[in-house]
Amino acid sequence: RPQKTFISPSPEMATNGMNGYDLPFGIRLIDDSKISPAERAELYLRPKIDLLTAKNRAEPIIAEVRQEGDAALAKLAKRFDGAELSKDDLIIEVASAPWPKVEPKVAESLDAAYENVRRFHAAQKKPPLRVETMPGVECRRIAVPIEAVGLYVPGGTAVLPSTAYMLATPAKLAGCKEIVLATPPRADGSICPEVIYAAKRAGATKILKA
């Protein structure tokens, strides 16, 4: 998984980390005053993606999962995440899972983030539109939710519970009945507590450890 780079205008921040804490997940903090324009321009470049290489790597994995199902997912969790899982350990039923223990300040931030995302997407909902284009002829516009959706939430070394909100919240508001979050497990087979918290808050139905 790629490193993240944060360019800081403050030498103190670049020296001490954000608010005096070490930055997690391999994030690099660079003092903007100490790099050249060429170095800055290089940092701003987005990484190039070799789609052919990605396709060649993904196709055997897809074929393996199609052939072996959940057993293949368990093997892949071992291969990519170092997690020992049986095929019966892959699914978490979100509704019956207990609320995970997270720091109070983290829970407060997650609650605020959920409400912001919910309010934005709730405002996008539109009522059905009916227009009689001529006598006896009525045209309608209606929104019909997808019955089941699968959503990917980054985990492992780049945990992004915010992605759970940004994907699951509009799905729930749209009326999707089955909302499955796929996220990589940690080496001990567990899922990051913040991701579980966000999944429960947003209304996901299942978490797939993958």
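Let me start with the lining of the largest cavity in this predicted model, which by class has five nonpolar, four polar and one charged residues. The residues that form this lining are Gly155, Gly156, Val159, Thr183, Pro184, Arg186, Ser190, Ile191, Cys192 and Val195, and the one that counts as charged is Arg186. The space inside the largest cavity comes to about 40 Å³, and the count of cavities of 30 Å³ or more is one.

One residue of that lining, Val195, also belongs to the contact between helix 6 and helix 7, and that brings me to the helices. In general, two packed helices are described by the angle between their axes and the distance between the axes, and I will go through the pairs in that way.

Helix 6, which covers residues 161-174, packs against helix 7, residues 193-202, at an angle of about 15°, and their axes are 9 Å apart. Because angles under 35 degrees count as roughly parallel, helix 6 is roughly parallel to helix 7. The crossing of these two helices is right-handed. On the side of helix 6 the contact involves Pro161, Ala164, Tyr165, Ala168, Thr169 and Lys172, and these meet Glu194, Val195, Tyr197, Ala198, Arg201 and Ala202 in helix 7. By class, that contact has eight nonpolar, one polar and three charged residues.

Next comes helix 5, residues 104-122, whose axis comes within 9 Å of the axis of helix 6, with a crossing of roughly 40°. That angle makes helix 5 oblique to helix 6, and the crossing is again described as right-handed. Which residues meet here? From helix 5 they are Leu110, Asp111, Ala113, Tyr114, Val117, Arg118, His121 and Ala122, and from helix 6 they are Pro161, Tyr165, Met166, Thr169, Pro170 and Leu173. Sorted by class, the contact of helix 5 with helix 6 has ten nonpolar, two polar and two charged residues.

The remaining pair I want to show is helix 5 with helix 7, where the axes come within 11 Å and cross at roughly 40°. Helix 5 and helix 7 are therefore oblique to each other, and helix 5 passes helix 7 in a right-handed crossing. Helix 5 contributes Val106, Ala107, Leu110, Asp111 and Tyr114 to this contact, while helix 7 contributes Glu194, Tyr197, Arg201 and Ala202. By class, this contact has six nonpolar, no polar and three charged residues.

If you follow single residues through the model, Tyr114 of helix 5 takes part in the contact with helix 6 and also in the contact with helix 7. Likewise, Tyr197 of helix 7 is found in the contact with helix 6 and in the contact with helix 5.

Key: Residues numbered from 1 in each chain as written. Predicted model: local features only at pLDDT ≥ 70, side-chain atom pairs only at ≥ 80, totals over all residues. Heavy atoms only, no water. 1 Å grid on protein atoms, 1.4 Å probe; cavity = no way out; pocket = protein on both sides within 12 Å on 5 of 7 lines; lining within 4 Å. Points joined across faces, edges and corners; volume = space filled by probe spheres on them. Axes fitted to C-alpha atoms, helices over the stretch in contact; angles between N-to-C directions. Helix = DSSP H or I, 4+ residues; strand = E, 2+ residues; numbered from the N terminus. Parallel < 35°, antiparallel > 145°, perpendicular 65-115°, else oblique. Left-handed = near helix turned anticlockwise from the far one by under 90°. Contact = heavy atoms within 4.5 Å.
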